[in-house]
Amino acid sequence: MPTSSVLQYARLLQVEGGNLHNKTGYVIKLDLHSEEQTQQPLIGEINPSLIQLQNLQYLDLSDNFFGGNGIPDFNGSFTQLRDLKLVGIGVEGPIPHQLGNLSNLNTLDLSWNIGINTNDLGWLSGLSSLRYLDLSLLNLSRAVNWLESMSILSLSHVNLSTSLEVLDLSSNNLSSSIFTWVENVGGGSLIDLQLNSNHLKGSIPNAFAYMSSLEYLDLSDNELEGSIPNSFQNLWSLGTLPHLSSYGISFNNLSGPLPDFSGAPSLQILSLSHNKINGILPESIGNLSNLKLLDLSSNSLNGTVSEYKLSNLYNLQTLDVSDNSLTFNLSFNWIPPFQLQYLKMSSCKLGTNFPQWLETQKNLSVLDMSNVGISEEIPGWFWNLTRLQYLNLSNNLSGCNYHQ
């Protein structure tokens, strides 16, 4: 659909995208986001006639292509707007400061616009009702005043520390100075914090452990060092992080032992791969009965993995402990409590016998047991695992070498 038809499309009202207010008849919702598989995206410029829809409360133009042009200034005129989503629309240049006029805005998503390169985010201080902010995959490294702007916002008449629930600043070339602001505003309401794929250095601040509402924390793909803070271990032990369900710190330079997970009953995703974490797998890992994904690959873990440590992981679907020095000590007739879809144990020590318990894993689609010391022939029952799509049994002793 050509962009000149955007306003006309909204006026059709009964067609998907335009919604009328029940009493006034005004257009209050305009959803023209493109479904990649089923719709042709809009291409060209955002038509200025869109400004006539002054009663808009919801505007979504995501996944269209308005390349070579910036975000139009007139977007700042929709003062009734509650939700503004301009995800991946191919715009370039700065973000217009007029967006700061949208004081009623709850949701702002400008993510996946890699052409945006701005040095001024002062307009953020006007968004006093903001609950969801996604600026991921922009380049904010030159925005020297944005921390000050967000601090002003957090001290305004609507305190951001009691309203902001989702903050995604991933892939923004940010430095560790972001921690200063997050420590000030994240305690009361923040549920989802994404700071992955930046240039964060130093240790993980203790402040994260005191964000009592936090459910999702992703600090992966940075340059963080040191150990997992003692504050996490202490608070997990006391059960004061009851809501944390996803914790990602993969691809950093963290070292030291794994913490005690006894007080983290809600954890569903634990991703600590590609670090320098050492020591044994703590018995408390077995308390994580809600865990669906456990990725400890490419660390320096050692010691024994017993049935006891796996006995309560009823919901586990993904297990990756590859490239460690772990030894699995499981009885021949052990029946796991879980049904795995993804299992990688490369370079661990499994013994010479083919693991009999794998016969119970009917949902396996990925299996990597390369270089684990197996010498026994592949048993006949193994080929009944019909959902396997990837199999690597290479670099084992004679009798068990297979890679597909």
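Here is a short back-and-forth about the predicted model shown above.

User: Before we start, which pLDDT cut-offs apply to this predicted model?
Analyst: Residues are numbered from 1 along each chain as its sequence is written, and side-chain values use heavy atoms, with hydrogens and water left out. Totals for chains, interfaces and linings use all residues of this predicted model, while local features need pLDDT of at least 70 and side-chain atom pairs count only at pLDDT 80 or more.

User: How many helices and strands does the protein chain have?
Analyst: Helices here are DSSP runs of H or I with at least four residues, strands are runs of E with at least two, and both are numbered from the N terminus. On that basis, the protein chain has 5 helices and 24 strands.

User: What share of the residues in the protein chain is buried?
Analyst: Buried means under 20% relative accessible area, exposed means over 50%, and partly exposed is in between (1.4 Å probe, protein chains only). The accessible surface of the chain comes to about 17,600 Å², with 47% of that belonging to carbon and sulfur atoms; such areas come from the Shrake-Rupley method with a 1.4 Å probe, and for residues only the protein chains shown count as cover. Of the 404 residues, the buried share is 50%.

User: Among contacts between residues at least 6 apart in sequence, what share joins residues at least 24 apart?
Analyst: Contact here means heavy atoms within 4.5 Å. Counting pairs at least 6 apart in sequence, the share that joins residues at least 24 apart is 57%.

User: What is the strand order in the open sheet of 6 strands?
Analyst: Two strands pair if DSSP finds at least two bridges between them. Pairing in this open sheet is parallel. The edge strands, β11 (201-202) and β21 (325-329), each pair on one side only. The order is β11-β13-β15-β17-β19-β21.

User: How many bridges join β19 to β21?
Analyst: Strand β19 covers residues 300-306 and runs parallel to β21. Thr304 has Thr327 of β21 as its bridge partner, and Val305 stands opposite Phe328 in β21. The number of bridges joining β19 to β21 is 5.

User: Which residue of β19 does Gly279 stand opposite?
Analyst: Strand β15 (residues 253-256) pairs in the parallel sense with β17 (residues 276-279) over 2 bridges, and Gly256 has Ile277 of β17 as its bridge partner. From β17, 2 bridges lead on to β19, again running parallel. Opposite Gly279 in β19 stands Leu301.

User: Which element gives the most residues to the largest nonpolar core?
Analyst: A nonpolar core is a set of buried Ala, Val, Leu, Ile, Met, Phe, Trp, Tyr and Cys residues joined through side-chain atoms within 4.5 Å. The largest one has 103 residues, and those with the most contacts inside it include Leu110, Phe208 and Met369. At least two residues each come from β2 (27-31), α3 (178-185), β19 and β21. With 4 residues, the element that gives the most is α3.

User: How far apart are the closest N and O atoms of Arg131 and Glu165?
Analyst: A salt bridge is a side-chain nitrogen of Lys or Arg within 4 Å of a carboxyl oxygen of Asp or Glu, and Arg131 forms one with Glu165. The pair links the loop between β7 (115-116) and β8 (132-134) to the loop between α2 (146-154) and β9 (166-168), 34 residues apart. Arg131 is partly exposed because its relative accessibility is 35%, and Glu165 is partly exposed at 24%. Their closest N and O atoms are 2.2 Å apart.

User: A search of the whole structure finds 2 salt bridges; which residue forms one with Lys201?
Analyst: The closest N and O atoms of this pair are 3.8 Å apart. Lys201 sits in strand β11, and its partner is 22 residues away in β13 (residues 223-226). That partner counts as partly exposed because its relative accessibility is 30%. It is Glu223.

User: Is Asn299 buried or exposed?
Analyst: Asn299 lies in the loop between β18 (293-295) and β19. Its side chain reaches the backbone nitrogen of Lys276 at 3.4 Å, and one of its polar atoms lies 3.0 Å from the backbone nitrogen of Ile277; a polar contact is a pair of N or O atoms within 3.5 Å, where within protein one must be able to donate a hydrogen and the other to accept it, and residues adjacent in sequence count only if both atoms are side-chain atoms. Not counting residues up to four places away in sequence, Asn299 touches Asp323 and Asn324, among others. With a relative accessible area of 9%, Asn299 is buried.
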